[in-house]
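Visitor: I am new to this structure and should like a close look at one part of it. Please begin with a single residue and work outwards from there.

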Amino acid sequence: MTIKTCKQCGRTKGLRQFDRHPQCKQGRRPECSVCRKAYLARTIAVRREQWRGYRRKAKERDWAGYVLSSVRTSAVRRGLSFALTRLDLPDPLPEKCPVLGIPLVYGMNSRENRFASPSLDRINSALGYIPGNVVVVSWRANSLKKDATPTELRALADYYAETP
Ligand SMILES: [Zn+2]
């Protein structure tokens, strides 16, 4: 028998259009490759959504823990040193951005309030995430500063302040 009927879509197809599986009848999965691919894609999407939900809740419940774990992951990826613990974060966490004075919104941030999202910024960009080199500032302040030095930031401010 070189044909099989898919349990999912009901179509009868050639055996080769079913993924191999030693424990299944005819050594192939009961659903065709097309249906299986669609099923896996759906499963991955559901898991990804579950994972996002889990991260969202973790962020709301414990921002410090959340930010340390996500910054550690990105630091490793970028080859930056990471040696922070909760003790290296301000306690309590600041309610306002120390740079811009805007209220910080802990937890999940929408597109609208992403500027108010707190972020962990390295004071000296040449150094990694090490004790004494991080501050909690708004995402807005962090993104404006990027890797600029105080001298560069002053020059930037002076230039735009003087340009009509
Ligand atoms: Zn099918």
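Guide: Let us begin with proline 98, which touches Val135 and Val137 when residues up to four places away in sequence are left out; two residues are in contact if their C-beta atoms, placed from the backbone, lie within 7 Å. The model is a predicted one, in which local features need pLDDT of at least 70 and side-chain atom pairs count only at pLDDT 80 or more, while totals for chains, interfaces and linings use all residues. Residues are numbered from 1 along each chain, as its sequence is written.

Proline 98 sits in the loop between helix H2 and strand E5 (118-122). Helices (H or I, at least four residues) and strands (E, at least two) are DSSP runs, numbered from the N terminus. Proline 98 is partly exposed, because 13 other C-beta atoms lie within 10 Å. In these terms a residue is buried if 20 or more other C-beta atoms lie within 10 Å of its own, exposed if 12 or fewer, and partly exposed in between, with C-beta atoms placed from the backbone. A further link across the sequence joins proline 98 and alanine 141: they are 43 residues apart along the chain, and their C-alpha atoms are separated by 9.1 Å.

Both residues touched by proline 98, Val135 and Val137, have numbers that fall in strand E6 (residues 134-138). Four of the five residues of E6 are buried, so this strand is largely enclosed by the rest of the structure. E6 pairs with E5 in the antiparallel sense over five bridges, where pairing requires that DSSP find at least two bridges between two strands. Within this pair, leucine 120 has valine 136 of E6 as its bridge partner.

The loop that holds proline 98 offers other points of interest. Proline 92 also lies between H2 and E5, and the peptide bond leading to proline 92 from aspartate 91 is cis, with omega near 0°. Phenylalanine 82 belongs to this loop as well. Phenylalanine 82 counts as partly exposed because it has 15 C-beta neighbours inside 10 Å. Apart from neighbours within four places in sequence, phenylalanine 82 is in contact with Arg72, Ala75, Val76, Gly128 and Tyr129. Phenylalanine 82 and isoleucine 130 lie 5.8 Å apart, C-alpha to C-alpha, with their positions 48 residues apart in sequence.

We may now turn to the helices. H2 (residues 63-77) has 15 residues and reaches 21 Å from its first C-alpha to its last, close to the 21 Å expected at 1.5 Å a residue; the expected span is 1.5 Å times one less than the number of residues. Glycine 79 follows H2 and has a positive phi, near 70°. Helix H1 (residues 33-61) has 29 residues, which should span 42 Å, and its end C-alpha atoms are 41 Å apart, in agreement. The number of buried residues in H1 is zero, so H1 lies largely in the open. Helix H4 (residues 150-162), with 13 residues, reaches 18 Å, close to the 18 Å expected. H4 likewise has zero buried residues, so H4 lies largely in the open. Lysine 146 is found in the loop between helix H3 (139-145) and H4, and its phi is positive, about 45°, although it is not a glycine.

Finally, the whole chain gives these details a setting. The protein chain has four helices and six strands, in the order β-β-β-β-α-α-β-β-α-α along the sequence. The domain assignment gives domain 1 (14-61) and domain 2 (81-162), such bounds coming from an automatic or database assignment. The C-alpha centres of the two domains lie 40 Å apart. The C-alpha trace spans about 80 × 45 × 30 Å along its principal axes. The chain has a radius of gyration of 25 Å, whereas a compact globule of 164 residues would have one near 15 Å; this radius is taken over C-alpha atoms, and the globule rule is 2.2 Å times the number of residues to the power 0.38. Buried residues make up 9% of the 164 residues.
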